Amino acid sequence: MSKILIVLYPDPVTGYPPEYARDTIPSINDYPGGATLPSPQALDFTPGELLGCVSGGLGLRDWLESEGHTVVVTSDKEGPDSVFERELPDADIVISQPFWPAYLTPERIEKARNLKLVVTAGIGSDHTDLDAANARGITVAEVTYSNSISVAEHTVMQVLVLVRDFVKQHEISAAGGWNIADAVERSYDLEGMRVGVFAAGRIGRAVIERLAPFGVHLSYTDRFRLSEDYERKYNLTYHDSIESLVQNIDVLTVHAPLTAETRGLLNTELLNTMPRGAYIVNPARAAIADRDAIVQALESGQLAGYAGDVWDPQPAPVDHPWRTMPHNAMTPHTSGTSLSGQARYAAGTREILEDWFAGNDIRPEYLIVEGGSYKGVGATSYAKVPTKADEGQAELSQATS
Ligand code: NAD
């Protein structure tokens with residue numbers, strides 16, 4: 001029997017909702033390209049319920065306890081006296097979400113002597129030190145594709161929110177105002193703009209496909225070039241580096257994982273090579289951008305707007321400068337945790353656990369590291385230097401996506 005430590009964001013301040021805005025969520029049959037949705041043997045929740053907070057418990061508690069496992073669900077994750085830190089030493093499995101990440105640093109992994117499996121209920125496992133996990137042979141898995149479309153939709157929304165300057169217009173309306181000139185002095189059409197996509201994985205491609213009908217000029221960079229057919233279909237221009245990509249665009253969207261290569265990439269030097277008045281939407285990871293460089297670029301007018309939903313650290317401190325910097329349209333980390341997304345990643349987490357307890361292989365598209373090295377999707381998204389073997393994995397990943 002295992003001890004499972006689940007770290008989730010706190011319940012709503014008004015308590016777990018007695019009723020939802022809608023009675024159902026649409027049922028999705030497969031992901032783009034035909035990749036299959038999570039297929040656990042059973043579900044103990046109704047899709048559309050709030051699952052990502054402590055009382056929701058990812059819909060796992062009853063099932064796990066009925067199987068004889070010990071389950072601890074908490075949102076208390078920071079500092080030596082936190083429940084997470086206290087419960088970690090004998091935990092076999094840790095589950096958390098990127099929205100409220102249980103940071104598994106090398107020191108914490110060292111303390112967690114029983115730890116064998118870390119599950120990201122969602123996508124993006126950078127809150128686990130993957131080198132330390134590899135050194136200990138810990139398996140790290142995430143629920144690939146579960147919220148990719150959720151994030152792509154949020155990205156498109158934030159691009160429009162910035163370019164149209166929605167936030168100010170809404171504030172004027174809510175405050176009883178009607179000064180149209182104030183409301184539109186920074187408002188443009190997206191049509192005709194040049195949009196650059198940094199990393200064309202599942203989310204990046206979904207953004208490309210959703211923005212194409214807006215009549216924009218699309219370009220992208222990625223470690224792996226997309227097929228000629230795909231580039232032709234979306235009239236995509238490929239750049240072999242982010243430095244080249246950002247020089248001739250009006251909007252940059254960011255969809256790379258946080259790795260040693262991408263950390264701090266959006267720094268002052270790079271921002272200064274963008275056309276004045278460019279916009280950035282970053283729903284990938286905050287640390288890909290230099291926090292203060294973004295603030296300065298907005299203050300100087302080099303950037304016309306910045307949006308995203310990822311912060312460093314999370315939760316962001318109350319005085320984090322991105323909360324109040326000019327022309328931001330930030331949200332807390334919500335893009336991937338819509339009620340629709342929660343249903344999919346909770347089901348995927350259950351599927352991973354069912355396979356783990358049964359001794360079955362975890363799907364390759366869920367695996368990040370296993371047995372001391374990057375595996376499955378982890379080999380293409382997180383491994384440092386792509387090798388021939390990784391290219392094979394990339395083909396596998398493109399084929400299954
Ligand atoms: P993915 O694995 O499908 O795509 C990642 C892409 O990044 C791959 O195509 C890879 O080749 C490319 N890449 C990696 N390193 C690169 C580099 N140095 N230069 C250029 N390209 C590089 O992942 P995805 O599902 O599209 O998710 C992307 C990221 O988005 C995740 O790693 C996660 O951090 C973030 N994410 C955020 C949320 C949210 O709620 N805001 C939800 C899901 C994922």
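Two helices, α5 (148–164) and α8 (202–211), each supply at least two residues of the shell around the ligand. The model is a predicted one. In this model, the ligand sits in the largest pocket. Both domain 1 (3–146 + 337–397) and domain 2 (148–330) give residues to the shell, so the ligand lies between them. Domain 1 is built from two stretches of sequence, 3–146 and 337–397, whereas domain 2 is given as 148–330.

The shell around the ligand holds 29 residues. Of these, Arg-202, Ile-203, Asp-222, Pro-283 and Ser-381 come nearest. By residue class, the shell divides into 13 nonpolar, 10 polar and 6 charged residues.

Polar atoms of the protein also approach the ligand. Arg-202 does so through its backbone: an N or O atom there lies 2.9 Å from an oxygen atom of the ligand. Arg-223 likewise uses a polar backbone atom, which is 3.4 Å from a nitrogen atom of the ligand. With Ser-381, the side chain takes part. One of its N or O atoms is 2.4 Å from an oxygen atom of the ligand. Taken alone, the ligand exposes 860 Å², and the protein buries 93% of that area.

The backbone was examined next. Most residues other than glycine have a negative phi, and most peptide bonds are trans. Several sites in the model depart from these habits. A cis peptide bond joins Asp-312 and Pro-313, with omega at about 0 degrees. Pro-313 lies in the loop between β11 (303–308) and α13 (339–358). Another cis peptide bond joins Gln-314 and Pro-315, and here too omega is about 0 degrees. Pro-315 is found in the loop between β11 and α13 as well.

Tyr-145 concerns phi instead. Its phi is near 80 degrees, a positive value in a residue other than glycine. Tyr-145 lies in the loop between β5 (139–142) and α5. The helix α5 that follows this loop is one of those that supply residues to the shell around the ligand.

Technical notes: Residues are numbered from 1 along each chain as its sequence is written. This is a predicted model: local features need pLDDT of at least 70, side-chain atom pairs count only at pLDDT 80 or more; totals for chains, interfaces and linings use all residues. Side-chain values use heavy atoms; hydrogens and water are left out. A residue is near a molecule or strand if one of its heavy atoms lies within 4 Å of it. A polar contact is a pair of N or O atoms within 3.5 Å; within protein, one must be able to donate a hydrogen and the other to accept it, and residues adjacent in sequence count only if both atoms are side-chain atoms. Accessible areas come from the Shrake-Rupley method with a 1.4 Å probe; for residues, only the protein chains shown count as cover. On a 1 Å grid over the protein atoms alone, a cavity is a set of points where a 1.4 Å probe fits but cannot get out, and a pocket is an open set with protein on both sides within 12 Å along at least five of seven lines; lining residues have an atom within 4 Å of a point. A molecule sits in a cavity or pocket if more than half of its atoms lie within 2 Å of its grid points. Helices (H or I, at least four residues) and strands (E, at least two) are DSSP runs, numbered from the N terminus. Ala, Val, Leu, Ile, Met, Phe, Trp, Tyr, Cys and Pro count as nonpolar, Asp, Glu, Lys and Arg as charged, and the others, Gly among them, as polar. Domain bounds come from an automatic or database domain assignment.
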